[in-house]
Structure formats: C-alpha cells, structure tokens
Amino acid sequence: AGMAAMLGGEEDAQTLARPRSSRRMRSSLQASVEWMPRPVGITGKFVRVFPSRIDFQDVEVGQTLIATFSIQNITEHARRIRFVKPKLKEFILHHEVLPAVAPGLEVKVDVEFYSASLQDSLKDEVVVMCETDKITIPLYAFPCRANVVFEGSCNFGQVAVGKTEIRYIELVNEGLKAADFELVEYQSARSISIEPLKGRLGARDSPDACLTLKAVLTATEPGMFRSIHKVKVNGEEISSLIDVLANIRRSAFELASTDGKGLLDSISFGSIYFEEKVKMTAVLVNDSPEATDFKIDMTRLTRDEHEDDGAISSRPLDRTEQPFRVEPQSGFLRPFEQIELTFIYHPSMKIPKKGFKNQQAGEVTEEHIIEATCASSMSDQTVNFTLKGRASNVRARLSLGEIRFGDCESSSHTDVAVTLTNQHENLALNFNAQKVAQFRVIPTSGRLLPLQSLELIISFKPNMLGKHSAVINFLVNGGVFVIPLPVFGNCHRIGSKREMIGGAGGPPP
C-alpha cells in the first residue's frame with residue numbers, strides 16, 4: 001500500500017512476449033513476431049516504466065520467449081537505475097550495468113522466459129529502483145491452453161404465451177489448445193432448452209474454433225423463467241456461466257385511466273340531461289410483445305329499456321338508440337403501445353323540446369348500460385368493460401305562461417316579475433334569455449342549482465308606437481331545452497323625453 005501511494009497508482013497493462021530460438025536471433029525475430037504492448041505504464045517520482053505488466057501467453061515447452069520493457073528518466077538530472085532480478089529460474093533478466101541515465105533518455109531491458117516442462121502458470125516480478133522509486137513489474141507465464149469465450153447472458157425479454165423464440169450463443173476458442181466443452185445444468189427451466197450440451201472446439205484460427213449453441217424458448221405458460229448452465233472445458237469448470245432469462249406474459253388489452261389510477265372495468269358518465277354531450281377519455285394499452293389490431297363493439301344493451309321487465313337483449317342497436325360512441329373505434333397497436341380513446345355519451349330527447357307540454361311533463365329518467373368489448377382479429381386478446389350513464393329531462397318552469405303588459409308610453413317601461421324554477425332534484429341548469437325588440441329580461445343569464453328558484457324582471461320598453469308581440473326563448477344548457485315566453489304590449493302615446501343634463505353635473509360622455 002505504501003509503495004502504491006509513492007508511485008501514484010498502477011494501471012493494468014501487458015505485453016505479449018515474442019519467441020526466439022536463441023539470444024543471437026532476437027534482432028531478426030523481433031520484426032517477424034507480432035506483439036502489441038498496451039500504452040500503459042507506471043510513473044514514479046524519478047522514472048517511468050513501460051509496460052506495467054509482462055505476460056508470456058501460450059507458452060510451449062522448450063520455447064524461448066523474450067519481452068522488452070523500457071525505463072525513462074523523467075527528471076532534469078542524470079539518475080542511476082538498479083534492478084532486483086526475478087526469483088524463478090524460468091525468468092531471466094538481461095541487462096548490463098548501466099551508467100547514470102541522462103535526463104529524458106530511455107533505456108530498454110529484456111526479460112527471457114524458458115521452461116523445459118510447464119504444467120501450470122508461473123508468476124514472478126522485476127523491481128526497478130531509482131533513488132526512492134521502487135517500481136514492481138509483475139511477470140506471468142501461461143502454458144498453452146484452451147480459452148473458451150462467449151457472451152454468457154441470453155435474455156429473451158418479454159414473450160407472449162404460445163410463441164416459440166430462438167436465440168444463439170457463440171462459443172469461440174481463443175487458445176492454442178483444442179477444447180472439449182460440456183454444459184452442466186445448474187438451474188433448470190422446463191420452457192428453455194439449449195443444444196448441443198457438449199462438443200469440441202479446435203485451436204485458435206482453426207476452422208472448427210467456433211461453435212454456435214441454440215437456445216429455444218417454448219412459451220407455454222406465463223411467468224419468469226431462468227436457466228443457468230455451468231461450463232466445463234477439458235474437464236475443468238470455468239468461471240463463466242450461460243444464463244438464459246425469459247419473461248412470458250399473456251397477450252392482453254388493458255383499459256386504463258388517463259390519470260394513472262389503474263385499470264378500468266367500467267366508465268360511468270354520471271347523470272346528465274337529454275341532448276347534452278359528455279366526453280371521457282381512457283387509454284387502451286397493448287400489454288403484449290406482439291403487434292395487434294383492435295375493434296370496439298358496443299352494440300349490445302345489457303338492459304333493454306324497451307322491455308317493461310328489463311329483460312336482457314342482445315339485438316343490434318341503431319344510431320338513434322345508441323347513446324354511446326367511441327373515437328377511434330378501431331385501429332392498430334404496436335408492441336406495448338397505447339392509444340387514447342374518447343368515449344362520448346349523448347342521449348337523445350324523447351319528449352318535446354319546447355312548448356307547453358314540455359313544461360308540464362314530469363320527470364323522465366333513463367338508465368343506459370352498455371357492455372362493450374375490445375377484441376383483436378389477429379389474436380385472442382379481448383377486454384370487456386361497461387359504459388354507464390343516466391339521462392333526465394330538464395324540469396324547468398316559469399311561473400307565467402305569457403305576459404300581457406297593456407298600454408305603455410314610449411320612452412317608459414312596464415315591469416312584471418316572473419319566477420324561473422329548476423324542479424330537478426339532482427342536476428343544476430344554466431339558462432340564457434334571447435334578446436327581442438321592445439322587451440328586456442333582467443338578468444339575461446344565470447345558473448340554478450337543484451330545486452332553486454330565481455325571480456326575473458320582464459320589462460316592456462317600447463321605442464315606437466303600435467302593438468308589439470314577441471316570444472322570449474329561455475335556452476337551457478346551451479339550447480338542449482327551450483322555454484318559450486310569449487309577451488304582448490301596446491304603445492299608443494309618445495311619452496315625454498328624459499331631460500338631458502349638461503355641464504359639469506351631466507352624465508359622462
């Protein structure tokens with residue numbers, strides 16, 4: 001630990017040793033043997049050593065290998081460099097007694113490896129010393145062996161029930177020795193199979209150094225499935241594993257709320273008036289790894305409102321009888337895609353929209369319940385949900401059926417108080433009085449809560465002579481319901497004009 005702190009840390013690097021038959025042949029073989037040191041070294045306070053590690057890979061018995069490392073003086077003064085040689089006889093350090101190395105100068109030193117019988121890997125070290133620097137270079141020698149590499153993780157992801165998926169795992173022998181491999185099951189999954197479970201890989205660069213395994217997933221039931229196989233190479237278990245993972249899910253549509261509160265099995269529009277239109281949105285989710293189409297069927301009425309006994313009926317409904325609609329009603333969804341659906345509830349009026357009969361009609365209420373189905377023609381995916389709504393007639397009433405004002409001078413007015421009552425027990429209403437000549441309503445618009453009444457002032461304010469008559473229409477909820485009020489008045493005399501006051505006490509301009 002103290003040495004690492006003094007040297008400012010050590011990074012992994014290695015150089016592949018180049019072989020030679022004798023030291024005299026080193027120069028000629030250096031150009032012919034490919035070796036690629038990684039550009040990483042160790043920098044101390046006085047010298048820099050490169051590389052930081054030396055590996056002798058795929059060593060054959062009786063073969064001599066040589067690796068070179070360099071030492072550079074990074075100070076501004078000449079420095080003397082000393083070495084501590086390897087302890088094992090197989091590693092030989094070749095160097096001459098060096099004079100002091102000039103500033104910035106780099107010197108090279110050879111390490112030779114030779115073994116008459118190498119059964120296992122060997123490890124040693126060379127120590128480079130300069131002043132207070134003490135830099136250790138690890139030396140490794142590995143015998144010729146098999147080196148099977150592969151991508152151990154195989155993830156099928158999400159797969160629909162009933163599907164069969166295949167993935168491939170490639171085994172490559174990067175060693176100089178052939179490899180007999182065997183897959184030993186550690187954790188089994190009946191939905192996952194791998195073949196072949198054993199075989200032979202040739203040495204590196206041979207035609208049979210690569211082999212492809214086939215992993216097959218048969219999705220018969222939903223759930224998480226995992227299969228783990230240990231790998232043996234030439235009878236010895238290696239550290240790498242083959243781990244196959246799959247998530248099998250049932251293909252299904254899901255209808256969810258747009259506010260993230262969860263799945264929906266029914267959509268309730270509450271209570272509204274006839275001829276009103278209410279919209280609600282939901283999200284249709286294709287919770288499946290497969291693309292699919294969809295179509296929403298809303299043609300079945302769970303309760304036949306035309307039957308007194310409320311019997312169940314599955315007869316098709318025409319447009320006048322169907323208060324529900326959805327947009328879009330059909331479409332296409334990619335895997336795990338979602339689309340926003342707009343459901344519309346627009347019940348039709350079944351009593352007169354205006355006139356005396358309208359005001360005299362009692363409460364009319366209809367319950368609408370539709371069992372809807374979203375299905376796919378490409379699979380067995382379905383989702384069932386219920387649409388519910390309650391429609392009532394507007395029960396608003398004026399205290400007077402008509403108003404006759406009699407005679408009134410021009411430039412004057414006559415007022416009559418009329419009470420507008422919302423007789424519905426649960427629903428509020430909004431009203432707006434249409435403008436007509438010679439007559440005026442105060443206030444012209446407003447909102448009435450359930451069972452609330454409001455006094456209106458109807459004024460006859462003629463600005464010309466003659467008999468005047470009109471119908472003031474009170475539009476309820478934007479015109480879905482109309483209350484007509486006939487008004488009559490006479491003007492046979494010109495009244496006195498209002499005297500205008502001028503000057504500082506006059507009305508503002």
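Let's start with a sheet: β29, β31, β35 and β33 line up in that order as an open sheet of 4 strands, and the pairing is antiparallel. At its edges stand β29 (396-398) and β33 (439-442), each with a single partner strand, so one side of each is left without a neighbour in the sheet. Going from one strand to the next, the twist averages 25°. Keep in mind throughout that this is a predicted model.

In the middle of that order you'll find β31 (residues 414-422) and β35 (residues 453-460), which pair in the antiparallel sense over 8 bridges. If you want a spot to click on, try V416: its bridge partner in β35 is I458.

**A second sheet, with mixed pairing**

There is also an open sheet of 5 strands, and here the order reads β21-β28-β27-β23-β25. The pairing in this one is mixed. Its edge strands are β21 (266-273) and β25 (330-333), each of which pairs on one side only. Neighbouring strands are turned by 20° against each other on average, if you ignore direction.

Take a look at β27 and β28 in particular. Strand β27 covers residues 365-375 and strand β28 covers residues 382-392; the two run antiparallel and are joined by 11 bridges. One handy pair to look at is A375, whose bridge partner in β28 is T382.

These two strands are also linked through their side chains. R390 and E367 meet in a salt bridge, at 2.4 Å from N to O. R390 sits in strand β28 and E367 in strand β27, so this pair links distant parts of the chain, 23 residues apart. How open is each partner? R390 is partly exposed, with a relative accessible area of 29%, and E367 is partly exposed too, at 30%.

**Salt bridges**

A search of the whole structure turns up 13 salt bridges. Here are some of them, the R390 pair included:

| Pair | N to O distance | Relative accessible area |
|---|---|---|
| E131 and R79 | 3.6 Å | E131 46%, R79 17% |
| E237 and K230 | 3.9 Å | E237 47%, K230 26% |
| R390 and E367 | 2.4 Å | R390 29%, E367 30% |

What does the salt bridge between E131 and R79 tie together? E131 lies in the loop between β9 (122-130) and β10 (133-143), while R79 lies in the loop between β5 (64-73) and β6 (82-84), so the pair ties together parts that are 52 residues apart in sequence. The two ends are set in unlike surroundings: E131 is partly exposed, whereas R79 counts as buried. As for the pair of E237 and K230, E237 is partly exposed and K230 counts as partly exposed as well.

**Cysteines**

How many disulfides are there? The count comes to 0. As a reminder, a disulfide is a covalent bond between the sulfur atoms of two cysteines. C408 shows why no bond is counted there: its sulfur is 6.6 Å from the closest cysteine sulfur, in C491, which is too far for a bond, given that the cut-off is within 2.5 Å. C408 is buried, with a relative accessible area of 7%. C210, on the other hand, is partly exposed, at 38%.

**Backbone spots to check**

A few backbone details are worth a look. The peptide bond from F50 to P51 is cis, with omega near -5°. You'll find P51 in the loop between β3 (47-50) and β4 (54-59). Another cis peptide bond runs from E195 to P196, also with omega near -5°. P196 lies in the loop between β15 (192-195) and β16 (198-201).

Then there's phi. E131, the salt-bridge partner of R79, comes up again here, with phi near 55°, a positive value in a residue other than glycine. For F336, phi is near 60°, again a positive value in a residue other than glycine. F336 has its place in the loop between β25 and β26 (338-345). Is F336 buried or partly exposed? Its relative accessible area is 38%, and that makes F336 partly exposed.

Methods: Residues numbered from 1 in each chain as written. Predicted model: local features only at pLDDT ≥ 70, side-chain atom pairs only at ≥ 80, totals over all residues. Heavy atoms only, no water. Pairing = 2+ DSSP bridges. Axes fitted to C-alpha atoms, helices over the stretch in contact; angles between N-to-C directions. Buried < 20%, exposed > 50% of the residue type's maximum accessible area, 1.4 Å probe, protein only. Salt bridge = Lys/Arg side-chain N within 4 Å of Asp/Glu carboxyl O.
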